[in-house]
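Here are some friendly notes to read alongside the structure. Keep the 3D view open and find each element as you go.

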Amino acid sequence: MDSVKILSVDDEMDLELLLTQYFRRKIRKGEYEFFFAHNGLEALTILLNQKDISIILSDINMPEMDGLTLLTKINEMQNPALKCIMVSAYGDMGNIRSAMNNGAFDFATKPIDLDDLAITIEKAVEQIDYIRRSQQEHDQLESLKTDLAVAAEIQQAILPRIFPPFPENDAEMELAARMIPAKDVGGDFYDFFRIDKDRIGLVIADVSGKGIPAAIFMAVSRTLIRTVGMQGITSGECMKKSNELLSKESIDCMFVTVFYAIYDITTGDFVYCNAGHNSPVIIKANGTVEMLPVSDNCMIGAVNGLDYSSHQAHLDVGDTLLMYTDGVNEAMNEASEEYGDERMLHFLGHQSGSDCQTIIDQQLADVKAFTGNAAQSDDITLMALKRKA
């Protein structure tokens, strides 16, 4: 433990001897270290050279610069971990009151009761330790906030952000996506990639948990699924292989729900595997909506050795496939009511003529209108694919 540095400011020379004699044991043990000045100007010079002085024991009535002026100068330093104990004659209560009103920690009267002064110094040390711990915790929190801000930028940079992503196929299809984390960083993600000339892979996923652990697992999951998916294997085989790789890396039983589809641009067919994720919705060109069958597969990353089945569906020209995470349908308002599948399907039934980005923006706005002032409790991610030809 570092010694507590104490500056005594008094024009009476006897006080230096009294303090060093009374506190000799603490001085020998290295608990206290004393510095001495005889007026305010000398004290300021010492404070400039000894930045870690914690306690100032100052007389009020001194030549050249009195204690009240010194206290004003110390206040200008704006150091909450620097405590001043003012000393004056017992009858000088007016100056003592002025000192206390101007931020002095405590006071002592002459002749000084050294036993009482020792208790006052110990109280000041406790306050200083508390302030320093608080400052350290504050600095750590500020550092963490900075790290989280950087992590959020990195996470957003990981997700594809250039739309349209496949400009060479603008005549055949349209694609848009957005992720809004509940905290600084989230566990949801979306992805899309070209497998070959006619097929693209579509991924939307939700990692268990939130915050930094989920964000790290999200980055690993996205990389694995993309790497495996670009090999061109079936959607079910992709989930099986991804599950084998992720379950070996999973910590604290983390898992990912995933909807992975391989879309054929030329036919509108898509073969998908739903690994425990929300069922996407097809918004038909005629205004009807159709939710894909509920998943019959387990999420990935939790249990090794599982098989995953694939299913096939089709988009007619003008149809839109909307994929989403449970931050949409499970969003809650201030009355703890869920937005729900029924409300979502009813809303989407009026979006058939809209482009993908508009559908996503309008869906987010409708959820926000429902939840009102309730805090966002989960990450929200949406991805929409429309067949144009």
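1. Let's start with helix α8, keeping in mind that this is a predicted model. Its buried residues are Ser235, Gly236, Cys238, Met239, Ser242, Asn243, Leu246 and Ser247. What lies over them? The cover includes helix α7 (211-229) along with strands β9 (256-264) and β10 (269-275).

2. Helix α8 itself spans residues 235-249, which makes 15 residues. From first C-alpha to last it reaches 21 Å, close to the 21 Å expected at 1.5 Å a residue.

3. Now look for the parallel sheet. Five strands make up this open sheet, in the order β2-β1-β3-β4-β5. At its edges are β2 (32-37) and β5 (106-110), each pairing on one side only. On average, neighbouring strands are turned by 20° against each other, direction ignored.

4. Inside that sheet, follow β1 (residues 4-9) and β3 (residues 55-59), a parallel pair with four bridges. Which residue of β3 is the bridge partner of Leu7? That partner is Ile56.

5. Another open sheet of five strands is antiparallel, ordered β6-β15-β14-β11-β12. Because edge strands β6 (173-180) and β12 (289-291) each have a single partner strand, one side of each is left without a neighbour in the sheet. Here the average turn between neighbouring strands is 15°, direction ignored.

6. Two helices are worth finding on this antiparallel sheet. Helix α10 (residues 341-348) packs on the sheet and touches β11, β12 and β14 (320-324), its direction making about 145° with that of β12. Helix α11 (residues 356-371) lies across β6, β11, β14 and β15 (380-387), and runs at about 30° to β6.

Technical notes. Residues numbered from 1 in each chain as written. Predicted model: local features only at pLDDT ≥ 70, side-chain atom pairs only at ≥ 80, totals over all residues. Heavy atoms only, no water. Pairing = 2+ DSSP bridges. Axes fitted to C-alpha atoms, helices over the stretch in contact; angles between N-to-C directions. Expected span 1.5 Å × (residues − 1). Buried < 20%, exposed > 50% of the residue type's maximum accessible area, 1.4 Å probe, protein only. Contact = heavy atoms within 4.5 Å.
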